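Visitor: I'd like to learn how to read the cavities in a protein model. Could you walk me through it?

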Amino acid sequence: MAISDTARKNHDELFPGHVSTLAVTDPELIEYFDNFAFDEVLRHSDLDPRTRLMTQLAALIAGQALREYRVMLGAALTAGVTPVEAKEIVYQAIPYAGMGKVFDFLHATNEVLTERGIDLPLPGQSTTSPGTRAEKGLAVQKEIVGAETVDALYANAPDDEQHIQRLLSANCFGDHYTRGGLDLQTRELLTLAMLISLGGADPQVKGHVQANLNVGNDRATMLAVITQLLPFVGYPRTLNALRALDEITR
């Protein structure tokens, strides 16, 4: 099996001048993987390259694929993803994957950006303060998740768990979703990609399918994201994501 002209073209656009060592040691694998990921899968989605690569980066963080993340981050920057957008993807992963999993990816991102001559730190993107994060976070949480759903979360939480709901509003939404650099629609697609890749988060995947609809991402867009994640997260998590998508949108 030879690498198709389309796969080679798409690969070379993302990785100009790069020759994978696996193409030498595992040529058969690279031939059919490149045909799959950079040709066949791409035919089933009109997702723009920047969005595709951003959601793939998010999934790689959640899946702890550090080495592949570094390679794909370089491709994303080549394709026009900005340094601020790249950093915001990493920051967005923290409330979902946890700092323990994201820490190495933050350092890897800094290394790749520095190698490309980009000065750090980047311009700040925070729009809240310690005094406003809870209020603004709750507001954006209700916008994304739905006011009735959020009110029910608070109403149904036992007294000794109320602090978790407050932390969710102030930290996950107040510290992260209110930041600049990425719009809400993109952040929700990133979140969906992370939850799919994490595994074991099927209720949250389903919840964020609905959240994506709430912010304007339709079924076709989410299906396109799920399709483009397939080569990097595998079939079990892809099929679980499709089940959640179908339960909400069909």
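Guide: Here is a short tour of the enclosed spaces in this structure. Keep in mind that the model is predicted.

Visitor: Let's begin with a count. How many cavities of 30 Å³ or more does the structure hold?

Guide: The idea is that a cavity is a space where a 1.4 Å probe fits but cannot get out. In this structure, two cavities reach 30 Å³ or more. The largest has a volume of about 50 Å³, and the second largest comes in at about 40 Å³.

Visitor: Which helices each supply at least two residues of the lining of the largest cavity?

Guide: Those are α11 (184-198), α12 (202-214) and α14 (235-249). The top contributor is α14, with three residues. Click through the lining and you'll meet Leu195, Ile196, Gly199, Gly200, Ala201, Asp202, Val205, Arg237, Asn240 and Ala241.

Visitor: And how do the residues of that lining of the largest cavity divide by character?

Guide: Gly goes with the polar residues in this scheme. With that, the largest cavity's lining has five nonpolar, three polar and two charged residues.

Visitor: Now the other one. Which residues line the second largest cavity?

Guide: Look for Leu14, Ala37, Phe38, Leu42, Arg52, Gln56, Met72 and Phe232. Here α3 (27-40) and α4 (49-62) each bring at least two lining residues.

Visitor: What is the split between nonpolar, polar and charged residues in the lining of the second largest cavity?

Guide: Six are nonpolar, one is polar and one is charged.

How values were computed:
Residues numbered from 1 in each chain as written. Predicted model: local features only at pLDDT ≥ 70, side-chain atom pairs only at ≥ 80, totals over all residues. Heavy atoms only, no water. 1 Å grid on protein atoms, 1.4 Å probe; cavity = no way out; pocket = protein on both sides within 12 Å on 5 of 7 lines; lining within 4 Å. Points joined across faces, edges and corners; volume = space filled by probe spheres on them. Helix = DSSP H or I, 4+ residues; strand = E, 2+ residues; numbered from the N terminus.
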